[in-house]
Amino acid sequence: MPTLQQVTDEVLQLAAENFKVPREQLAPGDDFFKKLGIDSLQALSLLTRIENHFRIELPDYELQGVTDFQTLAARIHARL
Amino acid sequence: MKDFAGKTLSWIAKDNIIELELHREPCNEIGTATLEELEKFAQAAEHAEKSLRAVIIHSRIAAGFSAGADLRELYRGIQQVPAERRIPRLRDFLQRIHRVLNIIDAAPMTTIAAVHGVTFGGGLELALACDVIIADKSARFCFPELRLGLIPGFGGIPRLKRDIGNAVIRDLLLTGRSFNAAKAQAVGLVSQVTAEGEALAAARATAAQACKFDRETAIAAKRFIKPIPYDELRQEVELFCEMFSRPAVEEGLRKFVESTDKMPYLP
């Protein structure tokens, strides 16, 4: 099973690819809404990509209040 | 059947197949304008030539297939109409959309929803009226109505009950959560999943295949396997109206319309 650090790295990579942002500009503690400039629908798109990538099901209510990559990665890690 | 180009949707008939394209920004919210054009489509489809054998419903909008009912229009309606006229007006709207969806549901053609991205609430209910749902990997399905103090009102629960297990319906309905195309396929809501941007091509191939078989046999098979739950659909309209008359709904709609929440679509 991947470590939390590996999951965080993959999430950052996915976010960078999905929203066409240089990977090196993203850090685990970043607020992804602010950093990526995304709205709720785009956040759902990222969630879908995350679920497809990790082959998990991540109920969106578990993401309420989650705004940084690190916490998002922890939620994903808990579902692996 | 004559081609049509409207403000919220358009259709063309070509090679035995009708393609209905939704194109109302921001995400094909279904309000009065869409309903009126869907009614035109339903009327035209009812009188379509027998040579037209399949219908594909899809969206041109990048965000998705449809975000569902136009909640902003619904909220404005509440504000503008005296309290005693709200429910009759709402019931009329619901009965009209039910008539359209029942016609699509029972159409003597193979009906295919090719969906991507947001397929929520009334958008999902439109897809559920079709015989086959083909989703690309970006698709997300959700019934968020409970957080507004409502139930799905465009036939969602009865049609879901027809297609998938009750336990999944309760999860979807009672949590208001969304799920992706893989999950939707696993529970039997979606029959084909494609790569992103490929749902329409898969729907065209499926429609072309369906057109190969004898029309009357296809109609008989559809009637046998896909009964329309008319009684439950009527009950749903009444339950929706009953729920709608509570103050919690107006408050829920107001919160949604005025929300600056980062994720207003999420429960």
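Accessible areas in these entries come from the Shrake-Rupley method with a 1.4 Å probe. I worked throughout on a predicted model.

**Entry 1: surface and charge of chain B**

I looked up the exposed surface of chain B and found about 11,900 Å², with 54% of it supplied by carbon and sulfur atoms. I then located the charges of chain B: the mean positions of its 36 positive and 35 negative charges lie 1 Å apart.

**Entry 2: fold and dimensions of chain B**

I recorded 11 helices and 11 strands in chain B. Along the principal axes, the C-alpha atoms of chain B occupy a box of roughly 55 × 35 × 35 Å. I compared the radius of gyration of chain B, 18 Å, with the value near 18 Å for a compact globule of 267 residues, and the two agree. Of the 267 residues in chain B, 56% are buried. Among contacts in chain B with a separation of 6 or more, I noted that 75% join residues 24 or more positions apart.

**Entry 3: aromatic pairs**

I counted 6 aromatic pairs over all chains. In one of them, Phe4(B) and Trp11(B), the ring centres are 4.6 Å apart and the planes meet at 25°; the pair is therefore stacked, as the angle is under 30 degrees. I found both Phe4(B) and Trp11(B) buried.

I next examined Phe93(B) and Phe154(B), whose ring centres are 6.2 Å apart with planes at 45°, so the pair is tilted. Phe93(B) belongs to helix α3 (residues 83-106) of chain B, and Phe154(B) to the loop between β9 (140-142) and α5 (156-163), so this pair ties together parts that are 61 residues apart in sequence. I checked burial as well: Phe93(B) is buried at a relative accessible area of 16%, and Phe154(B) is buried at 6%.

In chain A, I found a cluster in which ring pairs link Phe32(A), Phe33(A) and Phe69(A).

**Entry 4: chain A**

I recorded 4 helices and 0 strands in chain A, in the order α-α-α-α from the N terminus on. The C-alpha atoms of chain A fill a box of roughly 30 × 25 × 20 Å along the principal axes. For 80 residues a compact globule would have a radius of gyration near 12 Å, and I noted that the 11 Å of chain A agrees. Buried residues amount to 48% of the 80 residues in chain A. Of the contacts in chain A with a separation of 6 or more, 56% are between residues 24 or more positions apart.

I closed with the surface of chain A, about 4,000 Å², of which carbon and sulfur atoms hold 47%. The 8 positive and 12 negative charges of chain A have mean positions 2 Å apart.

Notes. Residues numbered from 1 in each chain as written. Chains lettered and ligands numbered in written order. Predicted model: local features only at pLDDT ≥ 70, side-chain atom pairs only at ≥ 80, totals over all residues. Heavy atoms only, no water. Phe/Tyr/Trp six-rings, centres within 6.5 Å; stacked < 30°, edge-to-face > 60°. Buried < 20%, exposed > 50% of the residue type's maximum accessible area, 1.4 Å probe, protein only. Helix = DSSP H or I, 4+ residues; strand = E, 2+ residues; numbered from the N terminus. Rg over C-alpha atoms; globule rule 2.2 N^0.38 Å. Contact = heavy atoms within 4.5 Å. Lys, Arg positive; Asp, Glu negative; His and termini not counted. Charge placed at Lys NZ, Arg CZ, Asp CG, Glu CD.
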